[in-house]
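Dear colleague,

Please find below the structure that I am handing over to you, followed by an account of what was found in it. I would be grateful if you would read the two side by side.

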Amino acid sequence: QLQVVESGGGLVQAGGSLRLSCAVSGRTFNRYTMGWFRQAPGKEREFVAAISWRGGNLYYADSVKGRFTISRDNAKNTVYLQMNSLKPEDTAVYYCAAHSSPFQTIAEVPAREADFGSWGQGTQVTVSS
């Protein structure tokens, strides 16, 4: 099973930017679709973005489309989430996760949490108004 560690969260003003990183251990990282999810206080965890194992397919929630960009570097076993034009409603704990099965893409957006099997501990993003 892959191990996932997120970093890069913090406090930023509305309109600002942050880049989250997700370091993944395991030689088979390049076989897995990776996703970002988030959970705001008092709300359920929701899908944010995903990227297929070679990076050719990208998926975004409507709420972040045009503002967030997901990417990956398979040589570094790392996934990134570039977040621009941040809004207070983007405040949440952001989680990185690996798809449960290799060589599987997202069937539909939003992606299902149940399809992802390796989760990180999360990184807090706070956007002040």
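Two strands are taken to pair if DSSP finds at least two bridges between them. With five bridges, β1 and β3 pair, and they do so in the antiparallel sense. Within this pairing, V4 has V24 of β3 as its bridge partner. Please bear in mind throughout that the model is predicted.

Strand β1 covers residues 3–7, and its side chains alternate: V4 and E6 are buried and point to one face, whereas Q3, V5 and S7 point to the other face and are not buried. Such alternation between the two faces of the sheet is what a regular strand shows in general.

Strand β3 also carries one half of a disulfide. The count of disulfides comes to one: C22 is joined to C96, with an S to S distance of 2.1 Å. The torsion about this S-S bond is about -80°, so the disulfide is left-handed. Because C22 belongs to strand β3 (residues 18–25) and C96 to strand β9 (residues 92–99), the pair ties together parts that lie 74 residues apart in sequence. C22 has a relative accessible area of 0% and is therefore buried; C96, also at 0% relative accessibility, counts as buried.

C22 is in turn among the residues that T78 touches. T78 has its place in strand β8 and counts as buried because its relative accessibility is 11%, where the limit for buried is under 20%. Neighbours within four places in sequence left aside, T78 is in contact with S21, C22, A23, F29, S71, R72 and D73. A polar atom of the T78 side chain also lies 2.8 Å from the backbone oxygen of K76.

I turn next to the nonpolar interior. The largest nonpolar core has 38 residues, and M34, W36, L81, M83 and Y94 are those with the most contacts inside it. Two or more residues of this core come from each of β3, β4 (34–39), β5 (46–51), β6, β7, β8 (78–83), β9 and β11 (123–128). In soluble globular proteins, nonpolar side chains tend to be buried together. Beyond its neighbours within four places in sequence, Y94 is in contact with a set of residues that includes W36, L81 and M83, along with E6, L20 and V125.

M83 is also a contact of R67, a residue in the loop between β6 (58–60) and β7 (68–73). Which residues does R67 contact, leaving aside its neighbours within four places in sequence? They are Q82, M83, N84, S85, L86, K87 and D90. R67 and S85 are 18 residues apart in sequence, while their C-alpha atoms are 6.1 Å apart in space. At 10% relative accessibility, R67 counts as buried.

Finally, the aromatic residues deserve a word. The structure holds six aromatic pairs. One of them, formed by Y95 and W119, is edge-to-face, at 6.5 Å centre to centre and with 75° between the planes. This pair links distant parts of the chain, since Y95 is in strand β9 and W119 in strand β10 (residues 116–119), 24 residues apart. Is each of the two rings' residues buried or partly exposed? Y95, at 15% relative accessibility, counts as buried, whereas W119, at 24%, counts as partly exposed. Ring pairs further link Y95 and W119 with F37, F47 and F116 into a cluster.

With kind regards

Methods: Residues are numbered from 1 along each chain as its sequence is written. This is a predicted model: local features need pLDDT of at least 70, side-chain atom pairs count only at pLDDT 80 or more; totals for chains, interfaces and linings use all residues. Side-chain values use heavy atoms; hydrogens and water are left out. A disulfide is a pair of cysteine sulfur atoms within 2.5 Å. Helices (H or I, at least four residues) and strands (E, at least two) are DSSP runs, numbered from the N terminus. Buried means under 20% relative accessible area, exposed over 50%, partly exposed in between (1.4 Å probe, protein chains only). Contact means heavy atoms within 4.5 Å. A nonpolar core is a set of buried Ala, Val, Leu, Ile, Met, Phe, Trp, Tyr and Cys residues joined through side-chain atoms within 4.5 Å. A polar contact is a pair of N or O atoms within 3.5 Å; within protein, one must be able to donate a hydrogen and the other to accept it, and residues adjacent in sequence count only if both atoms are side-chain atoms. Rings of Phe, Tyr and Trp (its six-membered ring) pair if their centres lie within 6.5 Å; planes under 30 degrees apart count as stacked, over 60 as edge-to-face and the rest as tilted.
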